[in-house]
Each structure stands twice: as C-alpha cells, then as structure tokens.
Amino acid sequence: MKEGKAMMGCAVNSSSSLVAEICAATGFDFLLIDAQHSAVNPETLRHLLQACHAGGAKAFVRVGGHNDRVGIQQACDLGADGVLVPCVRTKADVELAVSCCKYPMSGRGAVGGTRSVFVNLRPQLPGGFGKLFDYVHNGNPTVVVAVQIETKDALENVEEICSVDGLDIAFIGPGDLAVDMGLGRECGVPACWGDPRFGAAVGKVAAACKASGVIGGFWNSGLEGTIPQGFRFFVVDDDVCAMQETLAKNLVGFQEKRQTALAGLAK
C-alpha cells in the first residue's frame with residue numbers, strides 16, 4: 001500500500017468459517033473479521049482465522065475498542081495479520097491500542113509479555129521457545145495496527161492520532177462518523193455522505209495520513225473518489241449483505257419464472 005497499491009477486503013459478520021473461506025478464496029486481499037458486532041468467541045475466531053488464511057487472504061480482526069487489551073492480544077495470539085480498533089477519540093486512545101499490539105522492548109517490564117511470547121502461538125512466526133528472543137524483537141513489525149476515524153473527536157484529533165508511533169492505518173467509518181458529526185440526523189442517509197462537510201472531513205483525514213506516512217482506509221466501495229485522495233485500504237463488501245442481496249435478487253427472478261410458468265398453464 002505504501003507503494004501505491006490499493007487493497008480490497010470483505011467484512012465477515014456471519015461467524016461462519018465456511019463463508020470466510022469462500023470469501024477469501026474468491027480473491028479478496030483481506031477479510032475483516034468483525035468481533036465487535038458479531039458472535040465471535042476465541043474458538044470461533046481461531047476457526048475464522050484459519051479459514052481466512054486457508055482461502056489465501058490476509059486476516060484483520062475488528063476488536064471491541066482501545067480498552068479491549070484481552071481481545072486485541074487474543075487476536076494477535078491466534079494469528080491475525082492486523083487489528084482494527086474502533087471508537088478511538090484521542091491520541092492517548094491510539095497509544096493504548098498500539099501498546100496492546102506490541103511487545104515491550106525496553107524499560108520496566110521488558111522481560112514480560114503476552115502469552116504468545118512464551119508459548120509462541122502466532123503461526124506466522126514458528127520456531128518454538130528457542131526462537132523467543134528473535135520472536136519478541138521481530139514480532140512487532142508483523143502486526144498491522146489500524147484505528148477507525150468514526151467520531152467527531154477523532155476527526156478533530158486526527159493529526160495527533162496519525163502521529164502515533166506504531167499506527168499503520170487510519171480508517172474512516174463513514175456511517176458512524178456522519179452520525180457523530182450530526183449529519184446523519186440533519187441530512188439523512190445517504191445524503192449525509194454527499195454533504196460538503198463530510199467531504200471536508202474525508203479530506204482532513206487524507207491530509208493527516210499523508211503528512212504522517214499513515215495509510216488511509218475507508219469502509220467504502222466508491223473507489224473512484226477515494227483512491228485519488230490517497231486512500232489505499234478498503235472494506236468494499238460484507239458477507240451477510242452480499243448473501244442477502246444475491247438471495248433477494250435471485251428470488252425475484254424465480255418468482256417471475258414461477259408466475260410465467262403458471263400463467264402458461266392457465267391458457
């Protein structure tokens with residue numbers, strides 16, 4: 001992405017490992033396993049990550065928030081390639097989120113760490129206990145840390161947020177951001193996203209990302225308008241929505257065929 005490539009992903013809200021593997025095998029660059037809004041326990045998360053990697057895609061996990069240290073570390077322990085942290089509002093929130101993803105390298109607590117350090121659970125860094133120290137020092141760069149810019153406070157603080165060491169992606173959640181800005185109630189959906197104030201907000205995030213060398217992300221399939229602004233990390237679809245849309249479309253077609261066939265019998 002830093003070289004200009006745009007990566008496209010699909011959100012997984014079904015909690016189904018079969019669906020996750022199908023989505024990954026379809027050719028998406030990554031899947032976003034939504035542990036914030038879906039029925040995902042640690043064992044389910046393990047199965048979803050395995051399915052995602054088996055299908056050939058990278059795996060991101062949306063966790064509960066910057067205070068969800070257990071959820072973040074569990075995602076990392078089970079082999080996630082990255083985490084997406086929602087609901088941040090300040091630089092301090094983002095610093096806490098990053099700290100949950102990274103092992104301490106110096107100072108007090110340097111010999112400590114998460115469970116994955118001591119029993120080497122992350123599958124992308126095999127080698128057992130003998131590789132402990134290489135693992136600790138080389139593990140930090142392998143986990144991508146993304147935070148959602150989806151609140152008015154986060155938008156106001158986006159320059160400071162993007163300056164946090166260890167942050168890789170600032171990701172716009174357009175629905176929540178428009179609502180928190182008051183545009184959802186004032187303009188309605190989808191008109192709120194066409195409001196100049198929302199456009200200015202997108203531009204502000206894009207500028208902050210560019211200034212700090214952070215990748216801009218967007219939950220948005222309108223790539224034509226956002227790629228030129230510098231955004232490179234996109235969630236463009238959702239497994240449940242895609243299934244619902246396709247089933248509804250297919251059903252209409254079948255209903256038309258049924259009506260035509262019955263009409264033919266009546267003649």
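This passage describes the barrel of a predicted model and the helices that lie against it.

In the model, eight strands close into a barrel, following one another in the order β1-β2-β3-β4-β5-β6-β7-β8, and the pairing between them is parallel. From one strand to the next, the twist averages 25°. In general terms, the strands of a sheet are joined through backbone hydrogen bonds, in either a parallel or an antiparallel arrangement.

The pairing can be followed in detail from β6 onwards. Strand β6, which spans residues 169-172, pairs in the parallel sense over four bridges with strand β7, formed by residues 215-219, and within this pair F171 stands opposite G217 of β7. Strand β7 is in turn paired with β8, again in the parallel sense and over four bridges, and here G217 stands opposite F233 of β8. The pairing of β8 with β1 is likewise parallel and comprises five bridges, with D238 in β8 serving as the bridge partner of A11. Strand β8 is mostly covered, since six of its eight residues are buried.

Two helices that pack against the strands may be described in the same way. Helix α2, residues 42-54, lies across β1 (7-12), β2 (30-34) and β3 (58-62), and runs at about 150° to β3. Helix α11, residues 196-212, packs on the sheet and touches β5 (144-149), β6, β7 and β8 (231-238), while its direction makes about 150° with that of β7. The strands touched by α11 thus include β6 and β7, which pair with each other over four bridges, as well as the mostly covered β8.

Note on methods
Residues numbered from 1 in each chain as written. Predicted model: local features only at pLDDT ≥ 70, side-chain atom pairs only at ≥ 80, totals over all residues. Heavy atoms only, no water. Pairing = 2+ DSSP bridges. Axes fitted to C-alpha atoms, helices over the stretch in contact; angles between N-to-C directions. Contact = heavy atoms within 4.5 Å. Buried < 20%, exposed > 50% of the residue type's maximum accessible area, 1.4 Å probe, protein only.
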